[in-house]
Amino acid sequence: AKGHAFNEPRALHADAVNEAAEEEDLYLTVIVQCRNDDYGGHMLLRLNRMLATTGRMLHSTNVPSEIIIVEWNPVFNAAAIHEEIQREP
C-alpha cells in the first residue's frame with residue numbers, strides 16, 4: 001500500500017506573516033517542557049540556545065507572542081529551570 005503524499009510546507013516570508021498579523025487577531029504561544037536532569041547532555045546549553053533562537057525569530061516577525069517554560073517533575077537538589085535560563089532583553 002502506498003502512503004499518502006504530503007506537500008512540503010511552504011516557508012512564509014516575514015512580510016506575509018506581518019500582513020497576516022495585521023489582518024487577524026494573531027497571538028502565538030510557544031510552550032516548552034523541560035527538566036534540569038541533563039538528559040542527552042548539555043541540556044541547559046541546548047535549552048538556552050533554543051530560547052534565544054526562538055526569541056529572535058519571534059521578535060523578527062513582529063507577531064505578538066510568548067514563550068512559556070514548564071518545568072516537569074523537578075529533580076531533587078537540582079537548580080530550578082527559572083534560575084538557570086538566560087534572559088535576553
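Q: Starting with D38: buried, exposed or partly exposed?
A: D38 counts as partly exposed, at 44% relative accessibility. This is a predicted model, so that value is computed from predicted coordinates.

Q: Where is D38 found?
A: D38 sits in the loop between β1 and α2.

Q: What lies 2.8 Å from a polar atom of the D38 side chain?
A: The backbone nitrogen of H42.

Q: Same loop, other residue. Where does N36 lie?
A: N36 lies in the loop between β1 and α2.

Q: Is N36 buried or exposed, and why?
A: N36 counts as buried because its relative accessibility is 14%, and the cut-off for buried is under 20%.

Q: Which backbone atom is 2.9 Å from a polar atom of the N36 side chain?
A: That is the backbone oxygen of A79.

Q: What else is N36 in contact with, leaving aside neighbours within four places in sequence?
A: A79 appears again in that list, along with A78, I81 and E84. The other residues in contact with N36 are M43, L44, E71 and V75.

Q: And F76, where does that lie?
A: F76 lies in the loop between β2, residues 65-71, and α3, residues 81-84.

Q: How far apart are F76 and N36?
A: Their C-alpha atoms are 9.7 Å apart in space, with the two positions 40 residues apart in sequence.

Q: F76 is a phenylalanine. Buried or exposed?
A: F76 is exposed, with a relative accessible area of 74%. Nonpolar side chains tend to be buried together in soluble globular proteins. F76 has a value over the 50% cut-off, so it counts as exposed.

Q: Which residues make up the largest nonpolar core, then?
A: There are 7 in all: V32, C34, M43, L47, L51, I81 and I85. Both β1 and α2 supply at least two residues of this core, and the largest share, 3 residues, comes from α2.

Q: Pick C34. What is it in contact with, beyond four places in sequence?
A: C34 is in contact with L47 and I81, which are also members of the core. The rest of the list for C34 is I69, V70, E71 and W72.

Q: Changing topic: pockets. What volume does the second largest pocket have?
A: The second largest pocket has a volume of about 150 Å³.

Q: Which residues line the second largest pocket?
A: V32, Q33, C34, R35, D37 and Y39 are in the lining, and so are M43, R46, L47 and M50. The elements giving two or more residues to the lining are β1 (28-34) and α2 (43-61).

Q: Which element gives the most to that lining?
A: Helix α2, with 4 residues.

Q: How many of the lining residues are nonpolar, polar and charged?
A: The lining of the second largest pocket divides into 6 nonpolar, 1 polar and 3 charged residues.

Q: Back to α2. Where is G55 found, and is G55 buried or partly exposed?
A: G55 is in helix α2. With a relative accessible area of 27%, G55 is partly exposed.

Q: How far is G55 from I67, C-alpha to C-alpha?
A: The separation is 8.0 Å, and the two residues are 12 apart along the chain.

Q: Backbone angles now. Which residue other than glycine has a phi near 60 degrees?
A: N62 has that positive value. N62 lies in the loop between α2 and β2 and is exposed, at 56% relative accessible area.

Q: And what about the phi of N73?
A: N73 is not a glycine either, and has a positive phi of about 45 degrees. N73 is in the loop between β2 and α3 and counts as partly exposed, at 43% relative accessibility.

Q: Last topic, the whole chain. How many helices and strands are there, and in what order do the elements run?
A: The chain has 3 helices and 2 strands. From the N terminus on, the elements run α-β-α-β-α.

Q: What share of the residues count as buried?
A: Of the 89 residues, 18% count as buried.

Q: And what share of the contacts with a separation of 6 or more comes from residues 24 or more positions apart?
A: Those residues account for 74% of such contacts in the chain.

Conventions
Residues numbered from 1 in each chain as written. Predicted model: local features only at pLDDT ≥ 70, side-chain atom pairs only at ≥ 80, totals over all residues. Heavy atoms only, no water. 1 Å grid on protein atoms, 1.4 Å probe; cavity = no way out; pocket = protein on both sides within 12 Å on 5 of 7 lines; lining within 4 Å. Points joined across faces, edges and corners; volume = space filled by probe spheres on them. Nonpolar A, V, L, I, M, F, W, Y, C, P; charged D, E, K, R; others polar. Core = buried A, V, L, I, M, F, W, Y, C linked by side-chain atoms within 4.5 Å. Buried < 20%, exposed > 50% of the residue type's maximum accessible area, 1.4 Å probe, protein only. Contact = heavy atoms within 4.5 Å. Polar contact = N/O pair within 3.5 Å; in protein donor to acceptor, adjacent residues only side chain to side chain.
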